[in-house]
Amino acid sequence: MQEFAYTLGNVVKQARLGQKMTQLEVAERIQADERTILNIEHYKGNPKMEILWALIRALGIDANAVFYPEKTHDNSDMKRLQLLLSYTEYVVVVFCCVHS
């Protein structure tokens with residue numbers, strides 16, 4: 001089994017469950033067979049691009065989670081940095097406004 005099958009299956013299942021959807025509901029949304037979703041989630045699917053495209057868009061999956069999973073596992077440091085930077089920008093703007 002290729003690594004991408006595990007990554008894709010896990011990401012699709014997590015996104016589907018996060019939206020409280022059944023495999024059938026996802027299949028209907030992307031106009032595919034329910035077995036297609038089942039196979040992908042059980043690491044047996046190697047979907048065509050039109051299925052992959054539709055899945056990513058229908059479930060709101062970040063494509064990086066599928067194609068670059070090593071970069072999306074733990075973004076906590078990046079999120080903290082972005083929060084700190086946004087806070088810093090706010091402080092600078094307030095400081096400049098008060099002292100001008």
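Me: Let me start with one residue. Leaving aside neighbours within four places in sequence, which residues is Glu41 in contact with?

Reply: Once those neighbours are set aside, Glu41 is in contact with Gly9, Val12, Lys13, Arg16 and Gln23. Please keep in mind that this is a predicted model. Glu41 itself sits in helix H3, which covers residues 34–41.

Me: Is Glu41 buried or exposed?

Reply: The way to read this is to compare the relative accessible area with a cut-off, and buried means under 20%. Glu41 has a relative accessibility of 5%, so it counts as buried.

Me: Which residue forms a salt bridge with Glu41?

Reply: For a salt bridge, look at the closest N and O atoms of the two side chains and ask whether they lie within 4 Å. Glu41 pairs with Arg16, and the closest N and O atoms are 2.6 Å apart. This pair links distant parts of the chain, with Glu41 in helix H3 and Arg16 in helix H1 (residues 3–18), 25 residues apart. Both partners, Glu41 and Arg16, are buried.

Me: How many salt bridges are there by this rule?

Reply: The count comes to two. The other case to look at is Asp33 with Arg35, whose side chains meet at 3.1 Å, N to O. Here the surroundings read as follows: Asp33 has a relative accessible area of 36%, so it is partly exposed, while Arg35 is exposed at 58% relative accessibility.

Me: What does Asp33 do at the N-terminal end of H3?

Reply: To read a cap, look for a side-chain atom facing a backbone atom at the end of a helix. Asp33 caps the N-terminal end of H3, with a side-chain oxygen 2.8 Å from the backbone nitrogen of Arg35. Asp33 therefore has two entries with Arg35: the cap and the salt bridge between their side chains.

Me: Which residues of H3 are buried?

Reply: Begin with the geometry of a helix. An α-helix has 3.6 residues a turn, so residues three or four places apart point the same way. In H3, the buried residues are Ile37, Ile40 and Glu41. They lie on the same side of H3 because they cover an arc of only 95 degrees around the axis.

Me: What covers the buried residues of H3?

Reply: The cover includes H1, H2 and H4. Gln23 is a good residue to follow on the H2 side: its place is in helix H2, residues 23–30. Apart from neighbours within four places in sequence, Gln23 is in contact with Arg16, Glu34, Ile37, Leu38 and Glu41. At 15% relative accessibility, Gln23 counts as buried. You can also compare sequence with space here: Gln23 and Lys13 are ten residues apart in sequence, and their C-alpha atoms are 8.7 Å apart.

Me: What is the phi of Tyr43, and where does this residue lie?

Reply: The general idea is about the sign of the angle. Most residues other than glycine have a negative phi, and most peptide bonds are trans. Tyr43 has a positive phi, near 65 degrees, and is not a glycine. Tyr43 comes just after H3, in the loop between H3 and helix H4 (49–59). At 25% relative accessibility, Tyr43 counts as partly exposed.

Lys20 can be read in the same manner. Lys20 has a positive phi of about 55 degrees although it is not a glycine. Its place is the loop between H1 and H2, and at 73% relative accessibility Lys20 counts as exposed.

Me: Which residues make the nonpolar surface patch?

Reply: For a patch, look for neighbouring nonpolar side chains that remain accessible. Here Leu81, Leu84 and Leu85 make a patch of about 270 Å². Leu81 belongs to helix H7, residues 76–98, and at 42% relative accessibility it counts as partly exposed.

Me: Let us step back to the whole chain. How many helices and strands does it have?

Reply: The protein chain has seven helices and zero strands, and along the sequence the pattern is α-α-α-α-α-α-α. Of its 100 residues, 29% count as buried. The chain exposes about 7600 Å², with carbon and sulfur atoms supplying 57% of that area.

Me: What share of the contacts join residues at least 24 apart?

Reply: Take the contacts between residues at least 6 apart in sequence: 59% of them join residues at least 24 apart. The salt bridge between Glu41 and Arg16 is a case to picture, with its partners 25 residues apart.

Conventions
Residues numbered from 1 in each chain as written. Predicted model: local features only at pLDDT ≥ 70, side-chain atom pairs only at ≥ 80, totals over all residues. Heavy atoms only, no water. Helix = DSSP H or I, 4+ residues; strand = E, 2+ residues; numbered from the N terminus. Buried < 20%, exposed > 50% of the residue type's maximum accessible area, 1.4 Å probe, protein only. Contact = heavy atoms within 4.5 Å. Areas by Shrake-Rupley, 256 points an atom, 1.4 Å probe, with all protein chains shown as cover. Patch = residues over 30% accessible without salt bridge, like charges linked within 9 Å, V, L, I, M, F, W, Y side chains within 5 Å. Arc of directions from axis to C-beta. Polar contact = N/O pair within 3.5 Å; in protein donor to acceptor, adjacent residues only side chain to side chain.
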